[in-house]
Amino acid sequence: MADNSSSLSLLAVLKPGGSSHIGAESKPAKTIDQMIALMSERGLVITDEAELRQVLFDCNYYRLSGYFRSFQVNPAAGDNRYRPGTRDVDFLVPYAMDEKLRNIILKGTAKVELTLRRESHTCWRQTAMPTRIWIPNPI
């Protein structure tokens with residue numbers, strides 16, 4: 001294992017496959033059913049299993065974990081139990097809102113990009129050299 005004291009320690013500890021977690025190679029992948037069971041065992045009240053299943057399938061557990069960490073007892077210390085009364089909708093609703101906002105921003109960004117490309121091409125076309133170029137010795 002690499003020394004974590006350097007400023008490049010994140011680069012130094014990356015393992016093949018992209019994981020920097022020490023025990024990552026010993027943790028087998030879980031199915032969606034296993035992930036839902038684990039969340040339930042940790043105290044999550046599941047109100048809509050089909051929705052939770054679809055979100056886990058679409059985005060994956062680790063991306064979703066950014067939304068449910070604040071509902072866990074002490075994830076920084078490894079206590080991943082959910083606080084009493086935590087329901088799946090407590091983090092699925094904000095996740096869905098973020099996804100809608102992200103799509104709105106991407107759609108708007110695409111329109112700006114197309115407008116800038118069109119305008120820059122129009123400007124270039126109006127100021128560019130004539131399209132006929134004389135070639136002294138054609139092949």
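**Threonine 86, the nonpolar core and helix H4**

Leaving aside residues up to four places away in sequence, threonine 86 touches Gly43, Leu44, Val45 and Phe71, a contact being heavy atoms within 4.5 Å. The model is predicted, with local features requiring pLDDT of at least 70 and side-chain atom pairs counted only at pLDDT 80 or more, while totals for chains, interfaces and linings use all residues. Numbering runs from 1 along each chain as its sequence is written, and side-chain values use heavy atoms, without hydrogens and water.

Threonine 86 sits in the loop between strand S2 (79-82) and H5; helices (H or I, at least four residues) and strands (E, at least two) are DSSP runs numbered from the N terminus. With a relative accessible area of 4%, threonine 86 is buried (buried is under 20% relative accessible area, exposed over 50%, partly exposed in between, with a 1.4 Å probe and protein chains only). The side chain of threonine 86 also reaches the backbone oxygen of arginine 83 at 2.7 Å.

Turning to the interior, the largest nonpolar core comprises 16 residues, and Met39, Leu52, Leu56, Leu64, Phe68 and Phe91 have the most contacts inside it. Such a core is a set of buried Ala, Val, Leu, Ile, Met, Phe, Trp, Tyr and Cys residues joined through side-chain atoms within 4.5 Å. Two or more residues each come from helix H2 (32-41), H3, H4 and helix H5 (89-127). Beyond four places in sequence, leucine 52 touches Ile36, Met39, Leu44, Ile46, Leu64, Asp88, Phe91 and Leu92.

Helix H4 has two contrasting faces. Its buried residues are Tyr61, Leu64, Ser65 and Phe68. These lie on the same side of H4, because they cover an arc of only 120° around the axis, the arc being that of the directions from the helix axis to the C-beta atoms. Exposed Tyr62 and Gly66 are carried on the face of H4 turned away from the buried side.

Just ahead of this helix, asparagine 60 occupies the loop between helix H3 (49-59) and helix H4 (61-68). Asparagine 60 counts as partly exposed because its relative accessibility is 40%. Phi of asparagine 60 is near 90°, a positive value in a residue other than glycine; most residues other than glycine have a negative phi. At the start of H4, a side-chain oxygen of asparagine 60 comes to within 2.9 Å of the backbone nitrogen of tyrosine 62.

Finally, a word on confidence: pLDDT, the predictor's confidence in each residue from 0 to 100, averages 80 over the protein, and 74% of the residues score at least 70. Over residues 1-19 pLDDT stays under 50, and the model has 16 contacts beyond four places in sequence for them. Where pLDDT is low, the predicted coordinates should not be read in detail.

Conventions:
Polar contact = N/O pair within 3.5 Å; in protein donor to acceptor, adjacent residues only side chain to side chain.
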